[in-house]
Structure formats: C-alpha cells, structure tokens
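Open your viewer, switch to a cartoon view and keep the selection box handy. We will go from stop to stop, choosing something to select each time.

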Amino acid sequence: MTEREARDAGRRIKIGRFEMRNNGKARELSETEGAIKVIVDARTDRILGAAVISSEASELVHMYVDLMNAGAPYTVLRDAIHIHPTLAEAVQSAVETAALGSAGPRDLVGLKHSLGVVPRVRTILADLEAP
C-alpha cells in the first residue's frame with residue numbers, strides 16, 4: 001500500500017524514510033544513491049507498504065515482506081540487532097524514523113543509545129571475545 005492509498009483509505013499512518021547515503025555499508029561500496037520509505041499503520045504498528053530503491057533493493061525489501069506476511073509489528077525489526085556495517089541496517093533505520101516521526105538519521109544514534117542497543121551490542125561482542 002502506498003502512502004496515498006493509506007491516506008485515501010482514512011488510515012492514520014507513520015512514515016519512515018532513510019537515505020542510503022547515510023548507511024555505512026552503502027558508503028563503503030560506493031552505492032549511496034537511493035532511499036527507503038516505509039508506511040506503518042499508526043494504530044496497529046503493522047507495515048502497510050514499503051519502497052526500496054537502492055543497490056540490492058530486491059534483497060532488502062524482503063525484510064518488510066516477511067514482517068507483512070507474518071502480521072508482525074514494525075517494532076520487531078526496529079528492536080533487532082543488526083550486524084554492522086550492512087545494507088540491511090538501512091531497512092531497520094527506515095522503521096526507526098517511523099517511530100521518531102520526522103527525526104533524521106543523526107537522531108537514530110541517540111535513539112539506539114536510549115534503547116540500550118549500543119550497550120547490548122558491546123556486551124555481545126565482549127561475550128564473543130571472552131575465552
């Protein structure tokens with residue numbers, strides 16, 4: 001479902017956007033053109049639709065398709081811990097911006113710290129390095 005279709009249907013929605021130029025792996029690959037947009041039902045937190053226009057878009061979009069088919073809320077993806085750097089992080093970042101409203105990618109760092117994602121990743125890495 002597109003943003004227009006959702007609005008025409010009278011749904012309250014959240015929109016998430018993320019530009020690939022803000023993704024570390026995309027910069028590493030010199031594939032920074034493109035963006036992701038996700039439409040979330042504000043009442044149910046379920047993903048109504050998504051558009052991925054980037055390198056490997058046909059692979060990345062399946063993360064949304066899987067959640068949509070499962071009827072799972074976007075928070076499942078938002079709260080997941082992704083390996084860094086990956087293009088898949090951009091898919092997660094797009095849903096994070098839906099949660100934040102109009103906040104941009106720099107605000108995501110603060111959100112990840114406030115949710116405890118960064119400390120959890122450090123703990124996991126420390127556990128992996130332990131003898």
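Begin by selecting helix α3 together with strands β2 and β3: α3 lies across both strands, running at about 175° to β3. Keep in mind as you look around that this is a predicted model.

**The sheet under the helix**

Now add β1 to the selection. You should have an open sheet of three strands, ordered β1-β2-β3 and paired antiparallel. The edges are formed by β1 (13–19) and β3, each of which pairs on one side only. From one strand to the next, the twist averages 10°.

Zoom in on the β2 and β3 pair, where six bridges join the two antiparallel strands. To find one of these positions, select V38: its bridge partner in β3 is A50. Next, bring in α5, which also packs on the sheet and touches β1, β2 and β3. The direction of α5 makes about 140° with that of β1.

**Along α3**

Return to α3 and select residues 57–70. How far apart are its end C-alpha atoms? They are 20 Å apart, which agrees with the 20 Å that 14 residues should span at 1.5 Å a residue. Even so, look for a bend of about 25° at M63. Then step just past the helix to G71, which takes a positive phi of about 70°.

Which residues of α3 are buried? Show A57, L60, Y64 and L67 as sticks, as these are the buried ones. Their spacing is worth a thought: an α-helix has 3.6 residues a turn, so residues three or four places apart point the same way. To see what covers these buried side chains, display β2 (35–41), β3 (47–53), α4 (75–78) and α5 (88–100), which are among the covering elements.

**Zooming out**

Finally, select the whole protein. The secondary structure comes to seven helices and three strands, and from the N terminus the elements run α-β-α-β-β-α-α-α-α-α. Colour by burial and you will find that 35% of the 131 residues count as buried. A surface view covers about 7,800 Å² of accessible area, with 51% of that belonging to carbon and sulfur atoms.

If you like contact maps, here is one last item: among contacts with a separation of 6 or more, 49% come from residues 24 or more positions apart.

Technical notes: Residues numbered from 1 in each chain as written. Predicted model: local features only at pLDDT ≥ 70, side-chain atom pairs only at ≥ 80, totals over all residues. Heavy atoms only, no water. Helix = DSSP H or I, 4+ residues; strand = E, 2+ residues; numbered from the N terminus. Buried < 20%, exposed > 50% of the residue type's maximum accessible area, 1.4 Å probe, protein only. Contact = heavy atoms within 4.5 Å. Areas by Shrake-Rupley, 256 points an atom, 1.4 Å probe, with all protein chains shown as cover. Expected span 1.5 Å × (residues − 1). Bend = angle between axes of the 7 residues up to and from the residue. Pairing = 2+ DSSP bridges. Axes fitted to C-alpha atoms, helices over the stretch in contact; angles between N-to-C directions.
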